[in-house]
Amino acid sequence: MPESLRQKQSRFALMVALLLTETDNMGYSATLGEAYRSPEEAKRLAASGKGIVESLHCIRLAVDVNLFKQGVYLTKTEDYKPLGEWWESQGGSWGGRFTRADGNHFSLAHEGRK
Ligand SMILES: [Zn+2]
């Protein structure tokens with residue numbers, strides 16, 4: 001039987017647990033950013049040039065994770081590259097590859113959406 005969206009959401013949640021563990025392994029500390037986003041909020045953000053209407057946040061397949069190194073908040077996409085590459089090695093999609101790079105965005109592709 002093919003994996004349902006519901007099953008995929010739970011697989012993603014477990015992947016995120018490993019992602020957070022990996023931040024610690026790599027010597028970062030992390031805080032959680034946005035996970036679920038309502039369709040209304042996605043529309044509002046897209047209208048202001050942030051994010052997309054069809055965001056994977058709206059179907060619980062994306063999370064934003066904020067990284068810190070020695071207490072300093074990392075804001076550049078390149079700062080997230082080691083973690084992004086690790087995430088890709090686990091089968092995830094990393095926002096650092098987006099045309100409008102979004103380094104702290106980690107998702108699981110669904111029906112061609114990243
Ligand atoms: Zn995001």
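**Figure 1. Methionine 1 at the start of the chain.** Methionine 1 sits in the segment that precedes α1. The view is taken from a predicted model. With a relative accessible area of 97%, methionine 1 is exposed. Its C-alpha atom is separated by 46 Å from that of valine 72, a residue 71 positions further along the chain.

**Figure 2. The whole chain, for orientation.** Three helices and five strands make up the elements of the chain. Read from the N terminus, their order is α-β-α-β-β-α-β-β. The radius of gyration is 14 Å, close to the 13 Å given by the globule rule for 114 residues, so the chain is as compact as a globular protein of that length. The C-alpha trace spans about 40 × 40 × 20 Å along its principal axes. Of the contacts with a separation of 6 or more, 60% are between residues 24 or more positions apart. Buried residues account for 37% of the 114 residues. The exposed area of the chain is about 6700 Å², of which carbon and sulfur atoms supply 54%. The chain carries 15 positive and 14 negative charges, and the mean positions of the two sets are 3 Å apart.

**Figure 3. The largest nonpolar core.** This core holds 20 residues. The members that touch the most other members are Phe12, Leu19, Leu67, Trp87 and Phe106. Two or more residues of the core come from each of α1 (5-25), β2 (62-69) and α3 (81-89). In soluble globular proteins, nonpolar side chains tend to be buried together.

**Figure 4. Surroundings of leucine 67.** Leucine 67 is one of the core members that touch the most other members. Apart from neighbours within four places in sequence, leucine 67 is in contact with Thr23, Tyr28, Ser29 and Ala30, among others. Further contacts of leucine 67 include Val72, Tyr73 and Leu74, as well as Tyr80 and Leu83.

**Figure 5. Serine 93 in strand β4.** Strand β4 covers residues 93-94 and includes serine 93. The relative accessible area of serine 93 is 9%, so the residue counts as buried, the limit for that class being under 20%. Neighbours within four places in sequence aside, serine 93 is in contact with Trp87, His105, Phe106, Ser107, Ala109 and Lys114. Two of these partners, Trp87 and Phe106, are also among the core residues that touch the most other members.

**Figure 6. Leucine 5 in helix α1.** Leucine 5 belongs to helix α1. Its relative accessibility is 31%, and leucine 5 therefore counts as partly exposed. Leaving out residues up to four places away in sequence, leucine 5 touches Ile59, Leu61 and His110. The C-alpha atoms of leucine 5 and asparagine 104 are 23 Å apart, with the two positions 99 residues apart along the chain counted as their separation.

**Figure 7. Glycine 27 in the loop between α1 and β1.** Glycine 27 is located in the loop that joins α1 to β1 (29-32). At a relative accessible area of 43%, glycine 27 is partly exposed. Glycine 27 and phenylalanine 68 are 41 residues apart along the chain, and their C-alpha atoms are separated by 9.0 Å.

**Figure 8. Glutamate 34 in the loop between β1 and α2.** The loop between β1 and α2 (39-47) contains glutamate 34. Glutamate 34 has a relative accessibility of 28% and so counts as partly exposed. Neighbours within four places in sequence aside, its contacts are Glu41, His57, Ala62, Val63 and Asp64. Glutamate 54, 20 residues away along the chain, has its C-alpha atom 15 Å from that of glutamate 34.

**Figure 9. Glutamine 70, a residue with positive phi.** Glutamine 70 lies in the loop between β2 and β3 (72-73). Its phi is positive, about 45°, although glutamine 70 is not a glycine. The relative accessible area of glutamine 70 is 79%, so it is exposed.

**Figure 10. Glutamate 111 after strand β5.** Glutamate 111 is found in the segment that follows β5 (105-107). Phi is near 50° at glutamate 111, a positive value in a residue other than glycine. Glutamate 111 is exposed, its relative accessible area being 71%.

Terms used
Residues numbered from 1 in each chain as written. Predicted model: local features only at pLDDT ≥ 70, side-chain atom pairs only at ≥ 80, totals over all residues. Heavy atoms only, no water. Helix = DSSP H or I, 4+ residues; strand = E, 2+ residues; numbered from the N terminus. Rg over C-alpha atoms; globule rule 2.2 N^0.38 Å. Buried < 20%, exposed > 50% of the residue type's maximum accessible area, 1.4 Å probe, protein only. Contact = heavy atoms within 4.5 Å. Areas by Shrake-Rupley, 256 points an atom, 1.4 Å probe, with all protein chains shown as cover. Lys, Arg positive; Asp, Glu negative; His and termini not counted. Charge placed at Lys NZ, Arg CZ, Asp CG, Glu CD. Core = buried A, V, L, I, M, F, W, Y, C linked by side-chain atoms within 4.5 Å.
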